[in-house]
2 protein chains.
Amino acid sequence: MTKPCIICVAITGSVPQKSDNPAVPITVEEQIESTHEAFEAGAAIVHAHVRKDDGTPTSDPERFARLKEGIEKHCPGMIIQFSTGGRSGAGKERGAMLSLRPDMASLAVGSNNFPTRVYENPPDLVDWLAAEMLKFDVKPEIEAFDLSHIFQAVKMSEEGKLKKPLYIQFVMGVKNAMPVDREVFDFYRRTVARLAPDAEWCAAGIGAGQIVVNEWCVTTGGHCRT
Amino acid sequence: MTKPCIICVAITGSVPQKSDNPAVPITVEEQIESTHEAFEAGAAIVHAHVRKDDGTPTSDPERFARLKEGIEKHCPGMIIQFSTGGRSGAGKERGAMLSLRPDMASLAVGSNNFPTRVYENPPDLVDWLAAEMLKFDVKPEIEAFDLSHIFQAVKMSEEGKLKKPLYIQFVMGVKNAMPVDREVFDFYRRTVARLAPDAEWCAAGIGAGQIVVNEWCVTTGGHCRT
Ligand SMILES: [Zn+2]
Ligand SMILES: [Zn+2]
Ligand SMILES: [Zn+2]
Ligand SMILES: [Zn+2]
């Protein structure tokens, strides 16, 4: 038997708006239905952001609570992963929903540039988010925007700051961060295998790189973010 | 004949104080003498930071001007590289000394974590520093604290934002950034050779990693930072 590939659906992200694509699910109800469709199509994890009524991103725990409740009802057994990403809030706001005890939450362990700004994940905030995840028994998905983030995740794991085994996502294709590059993808895989042989990994190609990165994952034993 | 190895002496950096080591040159006069000694010992480039009277780092152009004048007098022909690093100032302050037209200046093209904070190099500041260096005919030394910084430097070079050919320094051993790792060092070298075959590179191991990284550089065709 071959190894199963876990498909994680990111139904919205934090950037696209209805004005970009009317199909983008913005309200909690739309997000629940969109997740339900992906669940029926085979997605095992939902990576969730929530939005304010005007479509802009937020870390509002009340919205995350309603989303979680709806997904649990419509998609029994689906793994729920909340984003703690920096576009949706600043500082500890980003972890305010962790007390809802989602199965997983995303965790950036380093900083990098984004298209127009610095994606700021200062060491003390990273440690605080990791500690909250341990406290509420939330499994982190490490968002590796660069190579050193893999090393940092391994170090934190060895220090007992993260639930084991590691689950690492390689993020490629964000402007001013790591581009979609096959040699780097292969080096990421080899680095994970060398430093954390029991870790699982997946990869996300942003925008135009999505399908090509999905293919790389499926053919090399990784998991997928859609 | 074998390829010459350029030795770059970083006489002070921005962190160590007299209280750490009484030999750390702090005043402009001490820095000139320290550079002179390194020059006589074979260093071809001096990587320079300046300090306030209390030893803390600054980007003060007046101090950089005195330092440049002294080095030009005591070390004729030595290549002078000013640091535009973020420990010595914020925002455009960091480039205030570029109008002095040093031969080179350091340029971080991405952001990353440092031991206790984010090393912030937002895209617009990076572009501004690069444009100032073009304007004043200053050759940048790219400070690559992570793998994506090499890609970013190549992209900026292809866009005509940097004086060619690229000169890239791999920085390893800063806590919360890239550790000293031989596999990564080799992948950095291969990546530079693949993306920018005419580039030159060097590497710096911070603190305890210095000698080992120097040895890697000397034996693989790179240049050295002491
Ligand atoms: Zn996300
Ligand atoms: Zn439904
Ligand atoms: Zn420096
Ligand atoms: Zn002298």
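Me: Why does B:Asp60 count as partly exposed?
Reply: B:Asp60 has 25% relative accessibility. Buried means under 20% relative accessible area, exposed over 50%, and partly exposed in between (1.4 Å probe, protein chains only), so B:Asp60 counts as partly exposed. This is a predicted model, where local features need pLDDT of at least 70, side-chain atom pairs count only at pLDDT 80 or more, and totals for chains, interfaces and linings use all residues. Residues are numbered from 1 along each chain as its sequence is written, chains are lettered from A and ligands numbered from 1 in the order in which they are written, and side-chain values use heavy atoms, leaving out hydrogens and water.

Me: And what makes B:Arg63 buried?
Reply: B:Arg63 comes to 16%, and buried means under 20%, so the word fits.

Me: Why is the contact of B:Arg63 and B:Asp60 called a salt bridge?
Reply: The term asks for a side-chain nitrogen of Lys or Arg within 4 Å of a carboxyl oxygen of Asp or Glu. Here N to O is 3.5 Å, so the pair qualifies.

Me: How do you know that A:Glu62 and A:Arg66 form a salt bridge?
Reply: Their closest N and O atoms are 3.0 Å apart, which is within 4 Å, so the rule is met.

Me: What makes A:Glu33, A:His36 and A:His74 donor residues of the zinc ion (ligand 2)?
Reply: Donors are N, O and S atoms within 2.8 Å of the metal (3.2 Å for Na, K and Ca); water is not among the atoms, so sites may look incomplete. These three coordinate the zinc ion at 1.9 to 2.3 Å, so they qualify.
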